[in-house]
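Here are my notes on the fold, for reading with the coordinates open. They go point by point, in no strict order.

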Amino acid sequence: MNYYIIIPAYNEEQFIELTLQSIVNQTVLPKKIVIVDDNSTDKTFEIAEKYAERFSFITTIKNNSESIHLPGSKVIKAFNQGLSQLDDEYDVIVKLDSDLILPLNYFETILNHFKSDDSIGMVGGFCYIEKNDEWVLENLTDKDHIRGALKAYRKETFKQIGGLKAAMGWDTVDELLCKFYNWKVVTDETLHVKHLKPTGANYNKAARYKQGEAFYSLGYGFWITAIASLKLALRKRKPFLFIDYINGFWKAKASGKELFVTKEQAKFIRNYRWKKIKEKLI
C-alpha cells in the first residue's frame, strides 16, 4: 500500500528534525511527504529543506498564514495546502505533527492493519509525553480515539467523510463520521509515539473557548457537552477549564454557528455518545 504524509509545521525547529529522522528510518517508507511550513519565524523551513534535498520523496511548501495560533483551523488549512500539491495515487493519507518520534515499525504496523480488513478506515498509535524522566501515556482521551497528532486514513474513508474540517474538533468529527459511514477506527497500543510537546501547551483563553464551540459544532447538545467538558477539564487537571468550555458552547449556540455535520449525522452522534456514556456507567 502506498502512503503519503502531510506535516503542517509552525516554529518546530527544536523538534522537526527528530520527527523527520524517525520517518526516513521507517521499515516501510512513504511514497511522498509534504512538509508545510506555516509561516514559521524560526529555522523550521531550513531544516525541512535540508531533508527535501537529501530525500527525493520529500517536498516543502512555505505557507503564509496568520501568526496567531488557533487550534484546528490553522493546522488543517496548512494540511489542506499540502494536500492540494499531491496526486491521487495513494492508499493511505497521513496527517502528522512535527513534534513526534515514531517507532521504526510504526507505518509498517499501520499498513498491516489496513491490509487485514477492508472495513478499517482509520488507524493510529498512542502518544506518550515525558514526565519525571519517564515516558507516560498522554491521557487526554479514551483509548479508542486516535489523537490528532497522528491520523492515518484509508483513501476511500478520507474522501467519504469529506476530508478534514478546518476548525477545532476536526479530530473528533472525522472519527464520528467514520462510524456514521460504518468504517472501523483502530488504535494500536503497541505503537508508543513520543510526543515532544504536550497538547495545548500554547493555548490561550480564546482557544479554550474554541473547545466548547467545537462541542457545539459536533451537534452534541448541552448535556453531552457538559459531560465531555467536565471529563476533559479533569483529565487536564484544570477543573476551571470547564467554565471556558461551557461559555464557548453557549457563545456558538447564541451566534447560530453552523454545525460540522448534517441533522441526520448530529442525531447519530448524540445517540452514539449517549450509548458510550451509558456503557461506562453500567
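1. A word on pairing before anything else: two strands count as paired if DSSP finds at least two bridges between them. By that rule β1 and β4 pair, in the parallel sense, over four bridges. If you want a spot to click on, Ile6 has Lys95 in β4 as its bridge partner. Do keep in mind that this is a predicted model.

2. Stay with β4 (residues 92-96) for a moment. On its other pairing, β4 is joined to strand β8 (residues 150-154) by five bridges, and these two run antiparallel. Lys95 turns up again here, standing opposite Lys151 in β8. Is β4 covered on one face or on both faces? Both: Val92, Val94 and Leu96 are buried on one side, and Ile93 and Lys95 are buried on the other. That makes five buried residues out of five, so the strand is mostly covered. Note that a lysine, Lys95, is among the buried ones.

3. Next, β2 and β3. Strand β2 (residues 32-38) runs parallel to strand β3 (residues 58-63), with six bridges between them. Val34, for instance, has Thr59 as its bridge partner in β3. To get from β2 to β3 the chain passes through helix α2 (residues 44-54), and the resulting β-α-β crossover is right-handed.

4. Thr60 is a handy residue for looking around that region. Thr60 is found in β3. Setting aside neighbours within four places in sequence, Thr60 is in contact with Ile35, Phe45, Ala48, Glu49 and Ala52. Thr60 and Ile7 are 53 residues apart along the chain, yet their C-alpha atoms are separated by 9.5 Å.

5. Now the core. Which residues touch the most other members of the largest nonpolar core? Among its 74 residues, they are Ile5, Ile93, Leu96 and Leu150. Strand β1 (residues 3-9) gives the most to this core, with six residues. Take Ile5: neighbours within four places aside, it is in contact with Ile23, Pro30, Lys32, Ile33, Val34, Val94, Leu96 and Phe107. So Ile5 has Leu96, one of the other top residues, in its contact list.

6. Phe107 leads on to the aromatics. The count comes to 16 aromatic pairs. One of them is Tyr106 with Phe107, an edge-to-face pair at 5.0 Å centre to centre, with 85° between the planes. Both rings belong to buried residues: Tyr106 has 2% relative accessibility, and Phe107 has a relative accessible area of 1%. The cut-off for buried is under 20%. Elsewhere, ring pairs link Tyr216, Phe222, Trp223, Phe249 and Trp250 into a cluster.

7. Two lysines sit over rings. The charged end of Lys74 is over the ring of Tyr10, 4.5 Å from the ring's centre. The charged end of Lys155 is over the ring of Tyr90, 5.5 Å from the centre.

8. Have a look at helix α6 (residues 170-180) too. Why call it largely enclosed by the rest of the structure? Because eight of its 11 residues are buried. The buried ones are Trp170, Thr172, Val173, Asp174, Glu175, Leu176, Leu177 and Cys178. Asp174 and Glu175 are on that list as well as the nonpolar side chains. Thr172, in this helix, counts as buried at 17% relative accessibility. Its contacts, beyond neighbours within four places in sequence, are His145, Leu218, Tyr220 and Arg273.

9. Last, some backbone angles. Most residues other than glycine have a negative phi. Asn39 has a positive phi near 65°; it lies in the loop between β2 and α2 and is partly exposed, with a relative accessible area of 24%. Asp133 has a positive phi near 65° as well, and its place is the loop between β6 (120-131) and β7 (134-137). At 72% relative accessibility, Asp133 counts as exposed. Just after α6, Asn182 takes a positive phi of about 65°.

Key. Residues are numbered from 1 along each chain as its sequence is written. This is a predicted model: local features need pLDDT of at least 70, side-chain atom pairs count only at pLDDT 80 or more; totals for chains, interfaces and linings use all residues. Side-chain values use heavy atoms; hydrogens and water are left out. A crossover is right-handed if, with the strands pointing away from the viewer, the path from the first strand over the helix to the second runs clockwise. Rings of Phe, Tyr and Trp (its six-membered ring) pair if their centres lie within 6.5 Å; planes under 30 degrees apart count as stacked, over 60 as edge-to-face and the rest as tilted. Buried means under 20% relative accessible area, exposed over 50%, partly exposed in between (1.4 Å probe, protein chains only). A charge sits over a ring if NZ of Lys or CZ of Arg is within 6 Å of the ring centre and within 35 degrees of the ring normal. Contact means heavy atoms within 4.5 Å. A nonpolar core is a set of buried Ala, Val, Leu, Ile, Met, Phe, Trp, Tyr and Cys residues joined through side-chain atoms within 4.5 Å.
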